[in-house]
Amino acid sequence: MLMRMAIANSREDQEGDEDGDLREQVDPQSVEFCYEIGLTYVSGSPFRLPVARLAAAQATLKRKMKKGLSKASL
C-alpha cells in the first residue's frame, strides 16, 4: 500500500519519469509485485539478473493472459 501511494505521488510530481526500485528485488514474487504496481525497473546483482528477467517476462505474460489475449498475439 505504501509503495503504491509513493508511486502515485511521484507520478503527480514528475510526469514522464521512470519509476523503479533500487533495492535487491530479484525474488520472482517481488519482481511480479513491482510490475503489477507499475514500476518500470528493479535493480539487483548481475548474477541474479536472469532470475529477475524471467520473473518480469512471466509477470508480463500473466497480465496479457488475464486480459484475454490469445497466445498467438504474444
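A residue counts as buried when its relative accessible area is under 20%, as exposed when that area is over 50%, and as partly exposed in between. C34 has a relative accessibility of 2% and therefore counts as buried. This residue lies in helix 2, and its C-alpha is 9.1 Å in space from that of A56, although the two are 22 residues apart in sequence.

The structure described here is a predicted model, and its confidence varies along the chain. The average pLDDT of the protein is 75, and 68% of the residues score at least 70. Confidence is highest in helix 3, at a mean of 88, and lowest in strand 1 (residues 20-24), where the mean is 56. Where pLDDT is low, the predicted coordinates should not be read in detail.

The protein contains three helices and two strands, and reading along the sequence gives the pattern α-β-α-β-α. Of its 74 residues, 18% are buried.

Which side chains meet in a salt bridge? A search of the whole structure finds one such contact, and it is formed by the side chains of E32 and K62, with 3.2 Å from N to O. This pair links distant parts of the chain, since E32 belongs to helix 2 (residues 28-36) and K62 to helix 3, 30 residues apart. K62 counts as partly exposed, because its relative accessibility of 43% lies between the limits for buried and exposed residues.

Another residue of helix 3 is T60, which is also partly exposed, with a relative accessible area of 27%. The C-alpha atoms of T60 and E32 are 8.5 Å apart in space, while 28 residues separate the two in sequence.

On the surface, R63, K64, K66 and K67 gather in a patch of positive charge. Of these, K67 is found in the segment after helix 3 (49-66). Is K67 buried or exposed? With a relative accessible area of 64%, which is over the 50% limit, K67 is exposed.

The table below collects the accessibility values discussed above.

| Residue | Relative accessible area | Class |
|---|---|---|
| C34 | 2% | buried |
| T60 | 27% | partly exposed |
| K62 | 43% | partly exposed |
| K67 | 64% | exposed |

Taken together, helix 2 holds the buried C34 and also E32, whose salt-bridge partner K62 is in helix 3, while K67 in the segment after helix 3 takes part in the patch of positive charge on the surface.

Note on methods. Residues numbered from 1 in each chain as written. Predicted model: local features only at pLDDT ≥ 70, side-chain atom pairs only at ≥ 80, totals over all residues. Heavy atoms only, no water. Patch = residues over 30% accessible without salt bridge, like charges linked within 9 Å, V, L, I, M, F, W, Y side chains within 5 Å. Areas by Shrake-Rupley, 256 points an atom, 1.4 Å probe, with all protein chains shown as cover. Salt bridge = Lys/Arg side-chain N within 4 Å of Asp/Glu carboxyl O. Lys, Arg positive; Asp, Glu negative; His and termini not counted. Charge placed at Lys NZ, Arg CZ, Asp CG, Glu CD. Helix = DSSP H or I, 4+ residues; strand = E, 2+ residues; numbered from the N terminus. Buried < 20%, exposed > 50% of the residue type's maximum accessible area, 1.4 Å probe, protein only. pLDDT = per-residue confidence, 0-100.
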